[in-house]
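Subject: Structure handover and notes

Hello,

Here is the structure we spoke about handing over. Please look through it before reading the notes underneath.

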Amino acid sequence: MALLRLENVTKRFGGLIAVNNLSLEIQEGEAIGIVGPNGSGKTTLFNVISGVFFPEEGRVIYEGKDITRMPSYKRAPLGLGRTFQIPRPFGSASVRENVATGAMFGTLAGKVSVDDCLEIADRYIQLVGLEEHESKEALTLTPVEKKMMEIARALAMHPKLLLMDEAMAGMHPKDIDKTVAFLKKIKEEEGISIVAMVEHIMRAVVGFAERVMVIHQGKKLVDAPTKEALEDQRVVDVYFGHAAGEGNAKG
Amino acid sequence: MKKNIVKYYPLIPVLAVYLIMFLIGFFMPGMWQMVALLAFYCALGQSWNIFMGMTGYVDFGYVTFIALGTYGMSLGITYFSQFEWLGMGIIVIGLILAMFLAALAALLEAAIALRLRGAYFAIACIGINEGLRYFIEGAKIWGGSEGLIFFGALTQSLGRETVNQLTTFWADFSVFVIAALAAFLNMHYMRSKIGYALTAVREDEDAAKVMGVNTTKYKTLAFLTSGLLGAAVGAMAWGLKLGHVYPGDVFVIHYTIECIVVVLLGGAGTLLGPVVGGLIYGLSKYWLAIIMPGFQLLIFAPIIIIIIVAFPEGVIGVLKQRVKRTALEKYIV
């Protein structure tokens, strides 16, 4: 059974079709990269999966259960964690409290005390290397630190499926390599599926993903093992604008 | 275990201030009325702050709860004082009615207004408050615009001596108790899961939802707590103490503004803030009314503006930053 299955999902905003009849499957423990040019519907797809928006058509099945119209706050305890494209820290709270909040309301919700959560937070803060900033207010962090904090916060939720929305954009290549290595390690240790949405950073995709999905204009263009997908002519066209016969691909 | 007690240390300065206030009022002749007024502002500030300070939602209709609390007490005494065997029980009934009305209003208001944010939420709360007032007046329920006058009924059922003690001492004393209770609840919320959830709501409600926080539940809980405490203050400090209630006297937005000023002066979202704010506000209002009667508001407004400009985070908000990494840190929250 797939961990997550999307069946013919369509999400419209007025006349704009952001996600168009898209189906996909994610197995437990997979590392998947989703790529596609700006405006191709990647973030909308994440929003549909995490319940920020409900799709107009299609179904979202998680662990065999239909969660298409389940409010987002009920999905986190089931094991759906995510980070945001533009980090959304709880600004006035400390880094430690931010990460602890993840632990408190994720899959461990109701099973752990506040103190336990703070201890869990310490562990993940150390993993992402923010221990020096632990007691700082989250809004005083640099953008990259905020991204790392969000990853720690999402991991502290102990998710089964982690959606990372361009978590590595804006990072130094060295940091990207470090983050990729560390995500791979976490994935093995805790058995979570990680879906990273990466836009332009092929370095991260190649290093991290086992399978890549290319999305273009809300549709799935290619879904194949990483190397194969990135060498696909259609993908090259979409990214570099030589859309054969279509002439409307946007870089 | 010790760690758990340390978490509650910030209650010490709050309770110490209340105790000192009480002792001054109790032992120094002529001070009781002033101390009672200060306790009233502290209690309201503390209660209002539980919702506003923790969620960032500014409830401009807060006086609704104080008013409904007053009505609860008034209705209890008006309709139950005929049963003489109830004795002091009518005050308990009044308090229960106050809680019931406030809870009903809080849940309804939460269902309607808490779906809105920012200015829309504020306006909706004002609307509900005005609506309730004109509903009571227009539909002529609970005495309509003539209100309820029950001082006589109270005296008849409990005796002059008892009523005298109730209105001049116990009504005010109970405000201290409510203030302390509000401080305790606020502290407890801050230190528990509730506090983390509400901080997340305040900082980024949509992100909080995706993180698994049932935002509606936690907002409603804080709103309800805040409303019930406000209603208790109204029941005691207005209902029981004054012996009458008129809709035009209690559903007045002026009192909400006073709550806001108290909290902003002291520091929104802090525990000690509303106490300090209540003291500053209450004392200056009291003294200015004595030294220049009639002009107090003229002087008062600039003073408040200056304080707010100098301490945008409130007195305690600033102090909190100052005592960071000192021995005082664990006492000031």
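The notes below go through the two chains, the nonpolar cores, one covered helix and a few single residues.

Please keep in mind that the model is predicted.

Chain A

Chain A contains 9 helices and 10 strands. Its radius of gyration is 18 Å, which agrees with the value near 18 Å that a compact globule of 251 residues would have. Along the principal axes, the C-alpha atoms of chain A occupy a box of roughly 60 × 40 × 35 Å. Of the 251 residues in chain A, 55% are buried. If contacts in chain A with a separation of 6 or more are taken, 66% of them involve residues 24 or more positions apart. The accessible surface of chain A is about 10,600 Å², and carbon and sulfur atoms supply 52% of that area. Chain A carries 31 positive and 34 negative charges, and the mean positions of the two groups are 4 Å apart.

Chain B

Chain B has 16 helices and 2 strands. The globule rule gives 20 Å for 333 residues and the radius of gyration of chain B is 20 Å, so chain B is as compact as a globular protein of that length. The C-alpha trace of chain B spans about 60 × 50 × 45 Å along its principal axes. Buried residues account for 52% of the 333 residues of chain B. For contacts in chain B between residues at least 6 apart in sequence, the share that joins residues at least 24 apart is 78%. The accessible surface of chain B is about 14,600 Å², with 71% of it belonging to carbon and sulfur atoms. There are 21 positive and 16 negative side chains in chain B, and the centres of these two sets lie 13 Å apart.

Nonpolar cores

In soluble globular proteins, nonpolar side chains tend to be buried together. The largest nonpolar core in this model has 165 residues, and the members with the most contacts inside it are Met164(A), Met168(A) and Leu240(B). Helix H3 of chain B, residues 32-55, gives this core its largest share, 15 residues. A second, separate core has 25 residues, among them Phe46(A), Ile49(A), Val60(A) and Met213(A).

Beyond four places in sequence, Met164(A) touches Phe46(A), Thr83(A), Ile151(A), Leu183(A), Ile194(A), Val195(A), Ala196(A) and Met197(A). Phe46(A) is thus listed as a contact of Met164(A), and Phe46(A) is also listed in the second core.

Met168(A) sits in the loop between strand E7 (161-165) and helix H6 (173-190) of chain A. Is Met168(A) buried or exposed? Met168(A) has a relative accessible area of 4%, so it counts as buried. With residues up to four places away in sequence left out, the contacts of Met168(A) are Ile176(A), Thr179(A), Val180(A), Leu183(A), Ile201(A) and Ala204(A). The C-alpha atoms of Met168(A) and Gly102(A) are 20 Å apart, and the two residues are separated by 66 residues along the chain.

A covered helix in chain A

Gly102(A) is one of the buried residues of helix H3 of chain A. This helix runs over residues 95-105, and 9 of its 11 residues are buried. Besides Gly102(A), the buried set includes Val95(A), Asn98(A), Met104(A) and Phe105(A). What covers the buried residues of H3(A)? The cover includes helix H4 (114-128) and helix H5 (143-156) of chain A, together with helix H9 (193-203) and helix H11 (215-242) of chain B.

Three asparagines

Asn49(B) lies in helix H3 of chain B. Its relative accessibility is 1%, so Asn49(B) counts as buried. Apart from neighbours within four places in sequence, Asn49(B) is in contact with Met54(B), Asn186(B), Val263(B), Ala268(B), Gly269(B), Thr270(B) and Pro274(B). Asn49(B) and Val315(B) are 266 residues apart along the chain, with 15 Å between their C-alpha atoms.

Asn8(A) belongs to strand E1 (residues 4-13) of chain A and has a phi near 45 degrees, a positive value in a residue other than glycine. Asn8(A) is partly exposed, at 41% relative accessible area. Asn21(A) is in strand E2 (residues 16-26) of chain A, and its phi, near 50 degrees, is also positive in a residue other than glycine. Asn21(A) is partly exposed as well, with a relative accessible area of 45%.

Regards

Methods. Residues numbered from 1 in each chain as written. Chains lettered and ligands numbered in written order. Predicted model: local features only at pLDDT ≥ 70, side-chain atom pairs only at ≥ 80, totals over all residues. Heavy atoms only, no water. Helix = DSSP H or I, 4+ residues; strand = E, 2+ residues; numbered from the N terminus. Rg over C-alpha atoms; globule rule 2.2 N^0.38 Å. Buried < 20%, exposed > 50% of the residue type's maximum accessible area, 1.4 Å probe, protein only. Contact = heavy atoms within 4.5 Å. Areas by Shrake-Rupley, 256 points an atom, 1.4 Å probe, with all protein chains shown as cover. Lys, Arg positive; Asp, Glu negative; His and termini not counted. Charge placed at Lys NZ, Arg CZ, Asp CG, Glu CD. Core = buried A, V, L, I, M, F, W, Y, C linked by side-chain atoms within 4.5 Å.
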